[in-house]
Amino acid sequence: MAVTDHGVDHARREYAKPPIKIFKNLSSKIAAIPMILTATVIFIGCSGWTIVHSFTNSKLLPKLDFVGFDQYERLWSSRRWLISVENLFIYGLCSLVFTLVIGFLLAALLDRKIRFENTFRTIFLYPFALSFVVTGLVWQWILNPEFGVQSIVRGLGWESFTFDPLYNSDIVIYGILIAGLWQGTGLIMCIMLAGLRGIDEDIWKATKVDGIGTVKTYLVVIIPMMKPVFVTALVLIASGIVKVYDLVVAQTSGGPGISSEVPAKYVYDTLFGRQNLGQGFAASTMMLVMVVIILIPYVYLQFGGKKDQ
Amino acid sequence: MTRVSHLTTADAQLQGPKGPKPKRAFSGANLFIYGTLIVMSLYYLLPLWVMIVTSLKDMAEVRMGNIFSPPAEITFQPWVKAWSEACTGINCDGLSRGFWNSVRILIPSVLLSITVASVSGYGLSMWKFKGSEVFFNILLLGAFIPYQIMLYPIVIILRELGLMGSLGGLVLVHMIFGMPINTLLFRNYFSSIPQELFKAARVDGAGFWAIFFKIMLPMSLPIFVVSMIIQVTGIWNDFLFGVVYTKPAIYPMTVQLNNIVNSVQGVKEYNVNMAATLLTGLVPLVIYFISGKLFVRGIAAGAVKG
């Protein structure tokens, strides 16, 4: 069928415009079907579906009974959601700053032509290979006030020492942060190290000739040169932060009380635990909005930048 | 005249000595560098150490002692218990069930996602058609969309396909969400292969599949390994998809681990919990330590786009 169609088209070409080129490069198009389906049905379709349904009052089952922004109003007046967003904000800001600083510091140290570079790099990066569940459970154990860090420091003679982040709702999010940093900094270190290795050796020689100190060279010359690497790292950390879920589930299950809830957990719990679909859809749409805000500068740099070249 | 000579000396200085930097072992800077690195290493190694020592103690010693101290008497009982006796709900057959579930999820997921991603990446690099780049860019941006927004519609799709709560459904989900990064990886790799090779094969009459199987595949073993590392660790460590798209009988290891450790009933057996945690982390750790540089290359490829 396809072949005959094609033959006929060929014959007509002299006086008609070339018809649909769907059969040209056919194998390639067939091979691209999974990619096209993923991009359209899943990424666009499913996200769109959820956004549309976030304006309905779906409860147990999704239905198209539109109620405007009701779900969003309810969402932003829910204490649990507000705590989730606040936690995400604190966690995100600290995680961003510390990951960038520690990641860059470690990379810079490793780049100082030291011995055992591979050993150190292996040590800093191995947590990244682990599951968030594993990370959360280990740190849950280390931060356990009865047996962990607190009891050891007390055992050393400092009886009033208190460090129980996982049982204190005011600082629980920092307990999660310690675990998150442990897992995530190695990746950023690796990216930074690749960036540092890409910097021309002559820059270092030039600053040496000019008598600029090492630290100043990093701050004034190297870091500005590594702007694209920092942007990549920033986007990577930020999009990871919004998705934080398993770490919290494993380490605190959102507790004590609801003090370490995060948006991703709110979505899961409302969708599958409390079966309040409309709320879950509204909350996940808000998560998408957060990511879009983060992504705008990145997309601008990546795609807007290319046009200039 | 003086200016010129000044320039030449500066030039000579810029060239610098060609040999290796002379090493002074005990300079202040070195002390700072190694000191910081060693202190940081302790922070990174501590949890692994705590996991290992706790899992080798019996409960009496865990209650008595310091979580950082090595076991006075080594026992493997917690490992045995974690593997074959630990309870989740009514099932008391240990983590082994989760382990085998994860293996049964892992193998088809990795094979399917790599197959699909390699073919897509190959098509995108050598057989571009109108619109192919558009779909590819959507795919890449899709990697940043929070999974939460797609969770429920995918439940509906899987239900329609009759795959909800089954291994097949989870495999499909892993294939979908592994696609952006792996397609990118393969596309970039195939793009770096000289076009002449492709053109020569075309002249000889080879088509889409012939070129893929006979020319590209044999050349791209390293990228397959990198992609496999990404997928194996990613799928093994997944928690969210496992908990949403499967049912308790086929929960992957991470979900079962969480259920064992965070279950509210019974006395907390910290040594068994740590043994279970370590068991779950073992597979990605082994892959990490064996693959070394390739693992780094994989994450670098994933991180630094284009």
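The paragraphs below go from the contact between two chains to the annotated spans of chain A and then to two individual residues. The model is predicted, and the values given here are computed from it.

Chain A and chain B meet in a contact to which chain A gives 97 residues and chain B gives 90 residues. The size of an interface is often given as the accessible area lost when the parts come together. Here the two chains bury about 8300 Å² between them, with 78% of that area on carbon and sulfur atoms. On the side of chain B, the residues that lose the most area to chain A are B:Y44, B:F144 and B:Y152, which together make up 10% of what that side buries. Helix α2 of chain B, covering residues 28–55, gives the most to the side that touches chain A, namely 17 residues. Sorted by class, that side of chain B has 65 nonpolar, 19 polar and 6 charged residues. Between the two chains there are 17 residue pairs in polar contact, counting pairs with both residues at pLDDT 80 or more, while the rule for salt bridges finds 0 across this interface.

For chain A, an unreviewed UniProt entry places the feature "transmembrane region" at residues 30–52, 88–110, 122–142, 171–196, 217–242 and 281–301. In the model, residues 88–110 of chain A are 100% helix and 0% strand, and the C-alpha atoms at the two ends are 31 Å apart. Residues 122–142 of chain A are 90% helix and 0% strand, with end C-alpha atoms that lie 22 Å apart.

B:F68 offers a view of the interface from a single residue, and it sits in the loop between α3 (59–64) and α4 (77–84) of chain B. Leaving aside neighbours within four places in sequence, B:F68 is in contact with B:L46, B:W49 and B:V50 of its own chain and with A:V149 and A:I152 of chain A. B:F68 counts as partly exposed because its relative accessibility is 22%, whereas buried would require under 20%. B:F68 and B:I52 are 16 residues apart in sequence, and their C-alpha atoms are 9.8 Å apart in space.

Within chain A, A:S259 is found in the loop between α13 (246–251) and α14 (263–273). With a relative accessibility of 12%, A:S259 counts as buried. A polar atom of the A:S259 side chain lies 2.5 Å from the backbone oxygen of A:P256. Not counting residues up to four places away in sequence, A:S259 also touches A:I83, A:N87, A:S169, A:V172 and A:G254.

Terms used. Residues numbered from 1 in each chain as written. Chains lettered and ligands numbered in written order. Predicted model: local features only at pLDDT ≥ 70, side-chain atom pairs only at ≥ 80, totals over all residues. Heavy atoms only, no water. Contact = heavy atoms within 4.5 Å. Buried area = accessible area lost by both parts, 1.4 Å probe. Salt bridge = Lys/Arg side-chain N within 4 Å of Asp/Glu carboxyl O. Polar contact = N/O pair within 3.5 Å; in protein donor to acceptor, adjacent residues only side chain to side chain. Helix = DSSP H or I, 4+ residues; strand = E, 2+ residues; numbered from the N terminus. Nonpolar A, V, L, I, M, F, W, Y, C, P; charged D, E, K, R; others polar. UniProt positions renumbered as here; feature names shortened; annotations may be inferred. Buried < 20%, exposed > 50% of the residue type's maximum accessible area, 1.4 Å probe, protein only.
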